[in-house]
Amino acid sequence: GTVVDPKVLLKEIDMLRVNGIDISGLKLSSTSHVTMPYHRVLDEAMEKERGNYKIGTTGRGIGPTYADKSQRNGVRVRDLLDKKRLKYVLQVPLKEKNGLLEKIYKIKPLKEEEIIEEYLEYGHRLEQHVVDCTRTIHSASINKKNILFEGAQGTLLDLDHGTYPYVTSS
């Protein structure tokens, strides 16, 4: 159910490797939704537009990524593994986001080919870690392996039970 920014994830992976930490066990769900460049740009633009009503977003595009996920308009990790697929799933959200960027926020639109090339490279670098998460967790459970679930942030930042709208999207 998480979203992932492959650019950030790869920086973290590189940092771990430089420090001699083995990440061979790292698994990334093929169905995780991907934070795209337009998510970050929109996050910052929307927060700026709120003026005195800012909610304190990090500007990392997490909220807009979750919004696309719930709108069934998102890009998932597995889409980064195939150029034809990525081009296809990017059509609707990129057109929509570029319209918002240009018409509402007066920001230059993002270029499809640049996004595709950049994110295909991320997919290529992450491919060895991409798994069917359901099968992986099921197998680990059957084999009595430890399974770590992360539940960061606490109750007050919970989307449903927290201090809405000052909560986390995740």
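Helices and strands here are DSSP runs, a helix having at least four residues and a strand at least two, numbered from the N terminus. Keep that in mind as you work through this predicted model.

**Exercise 1. Place S30 in the structure, and decide whether it is buried or exposed.**

Step 1: Find the strands around S30. The residue sits in the loop between β2 (28–29) and β3 (33–34).

Step 2: Apply the cut-off. Buried means under 20% relative accessible area. S30 has a relative accessible area of 13%, so S30 is buried.

Step 3: Look for partners farther along the chain. Beyond its neighbours within four places in sequence, S30 is in contact with R76, V77, R78, V130, V131 and D132. Of these, V131 is 101 residues away in sequence, yet its C-alpha is 5.5 Å from that of S30.

**Exercise 2. Work out which elements build the largest nonpolar core.**

Step 1: Start with the residues. The core has 23 of them, and L28, V34, M36, V75, L86, L90 and Y119 have the most contacts inside it.

Step 2: Turn to the elements. Two or more residues come from each of α1 (6–18), α4 (83–104) and α5 (112–126), and α5 gives the most, with six.

Step 3: Zoom in on L90. Setting aside neighbours within four places in sequence, L90 touches M36, Y38, V75, E112, I115 and I116.

**Exercise 3. Describe the second largest pocket and its lining.**

Step 1: Give its volume, about 190 Å³.

Step 2: Sort the lining residues, among them H33, R72, D79 and P93. They divide into four nonpolar, four polar and four charged.

Step 3: Find the main contributor. Helix α4 supplies the largest share of this lining, six residues.

Methods:
Residues are numbered from 1 along each chain as its sequence is written. This is a predicted model: local features need pLDDT of at least 70, side-chain atom pairs count only at pLDDT 80 or more; totals for chains, interfaces and linings use all residues. Side-chain values use heavy atoms; hydrogens and water are left out. A nonpolar core is a set of buried Ala, Val, Leu, Ile, Met, Phe, Trp, Tyr and Cys residues joined through side-chain atoms within 4.5 Å. Buried means under 20% relative accessible area, exposed over 50%, partly exposed in between (1.4 Å probe, protein chains only). Contact means heavy atoms within 4.5 Å. On a 1 Å grid over the protein atoms alone, a cavity is a set of points where a 1.4 Å probe fits but cannot get out, and a pocket is an open set with protein on both sides within 12 Å along at least five of seven lines; lining residues have an atom within 4 Å of a point. Grid points are joined across faces, edges and corners, and a volume is the space filled by probe spheres set on the points. Ala, Val, Leu, Ile, Met, Phe, Trp, Tyr, Cys and Pro count as nonpolar, Asp, Glu, Lys and Arg as charged, and the others, Gly among them, as polar.
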